[in-house]
Amino acid sequence: MDAQPLGSRPVWRTEALCRGKPAAWFIASGSGRVRTTNPALELCVHCSVTERCLDEALAKPQWSLGIWAGTMPRERAGIAKSMRDGCATRT
Ligand code: SF4
C-alpha cells in the first residue's frame, strides 16, 4: 500500500536520509565530477526508501530535478523510457 500523505508530503519521506540535509547537495549538474563527489549520492546508497523515492521522481518528472534515489535526471529519463518500452529493470 502506498504511503499516506503527511501534510503535503508522503509519509515515506520521514524516513529519508536526506531530511534536513542541504538542498544544494541534490542539485545535479550532470558532470562526472559531481556524480562521483556529491554527498547526496552517498546518502542515497544507504537510504531505506530509495524505491519509493525513485517511484515518485518517475511519476513527477517535472518536479524532480536534481538527484533522487541516487539517480540524475538523465538516468531517470532513461529508466522512464525503458519502462514505457516495456524493458525496464530498475536497480
Ligand atoms: S533515496 Fe536519496 S533522495 Fe531519495 S529519499 Fe533517500 S536520501 Fe533522499
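The following legends describe close-up views of a predicted model of a protein chain with a ligand.

**Figure 1. Overall fold of the protein chain in the predicted model.** Four helices and two strands are present in the protein chain. Read from the N terminus, these elements follow the order β-β-α-α-α-α. The chain has 91 residues, of which 15% are buried. Of the contacts with a separation of 6 or more, 45% are between residues 24 or more positions apart.

**Figure 2. Confidence along the protein chain.** The mean pLDDT is 82, and 77% of the residues reach 70 or more. Helix α3 has the highest confidence, at a mean of 95, whereas strand β1 (residues 5-6) has the lowest, at 48. In residues 1-6 the pLDDT is below 50. This stretch nevertheless has eight contacts in the model beyond near neighbours in sequence.

**Figure 3. The shell of residues around the ligand.** A16, L17 and C18 are part of the surroundings of the ligand, together with L43, C44, C47, V49, T50, C53, W68 and A69. Ten residues of this shell are nonpolar and one is polar; charged residues are absent from the shell. Two helices, α2 (39-46) and α3 (50-59), each contribute at least two residues to the shell.

**Figure 4. C47 and V49, two residues of the ligand shell.** C47 is located in the loop that runs between α2 and α3. C47 counts as partly exposed because 18 C-beta neighbours lie inside 10 Å. Apart from residues up to four places away in sequence, C47 touches A16 and L17, and both of these also belong to the ligand shell. Between C47 and E15, which are 32 residues apart in sequence, the C-alpha to C-alpha distance is 8.1 Å. V49 is in contact with W12, E15 and A16, leaving aside neighbours within four places in sequence. A16 is thus listed among the contacts of V49 and among those of C47.

**Figure 5. The largest nonpolar core.** Ten residues form this core: A40, C44, V49, C53, L54, A57, I67, W68, A69 and M72. Helices α2 and α3 each supply at least two of the core residues. The greatest contribution is that of α3, with three residues. Several core residues, including C44, V49, C53, W68 and A69, are also found in the shell around the ligand.

**Figure 6. The two sides of helix α3.** The buried residues of α3 are T50, C53, L54 and A57. These four lie on the same side of α3, because they cover an arc of only 95 degrees around the axis. On the other side of the helix, E51 and A59 are exposed. Helices α2 and α4 (73-85) are the packing partners of the buried residues of α3. T50 and C53, both buried, are also in the ligand shell.

**Figure 7. A57 and its surroundings.** A57 is part of helix α3 and of the largest nonpolar core. The residue counts as buried because 21 C-beta neighbours lie inside 10 Å. Outside its neighbours within four places in sequence, A57 is in contact with S64, W68, A69 and R76. Of these contacts, W68 and A69 also belong to the core. A57 and R76 are 19 residues apart along the chain, and 7.9 Å separates their C-alpha atoms. P73, in helix α4, is 16 residues from A57 in sequence, with a C-alpha to C-alpha distance of 9.0 Å. P73 is partly exposed, because 16 other C-beta atoms lie within 10 Å.

**Figure 8. The backbone at A69.** A69 is found in the loop between α3 and α4. Most residues other than glycine have a negative phi. A69 is not a glycine, yet its phi is positive, at about 55 degrees. With 22 other C-beta atoms within 10 Å, A69 is buried. A69 is a member of the ligand shell and of the largest nonpolar core, and is in contact with A57.

Definitions and conventions: Residues are numbered from 1 along each chain as its sequence is written. This is a predicted model: local features need pLDDT of at least 70, side-chain atom pairs count only at pLDDT 80 or more; totals for chains, interfaces and linings use all residues. A residue is near a molecule or strand if its C-beta atom, placed from the backbone, lies within 6 Å of it. Ala, Val, Leu, Ile, Met, Phe, Trp, Tyr, Cys and Pro count as nonpolar, Asp, Glu, Lys and Arg as charged, and the others, Gly among them, as polar. A residue is buried if 20 or more other C-beta atoms lie within 10 Å of its own, exposed if 12 or fewer, and partly exposed in between; C-beta atoms are placed from the backbone. Two residues are in contact if their C-beta atoms, placed from the backbone, lie within 7 Å. A nonpolar core is a set of buried Ala, Val, Leu, Ile, Met, Phe, Trp, Tyr and Cys residues joined through C-beta atoms within 7 Å. The arc is that of the directions from the helix axis to the C-beta atoms. pLDDT is the predictor's confidence in each residue, from 0 to 100.
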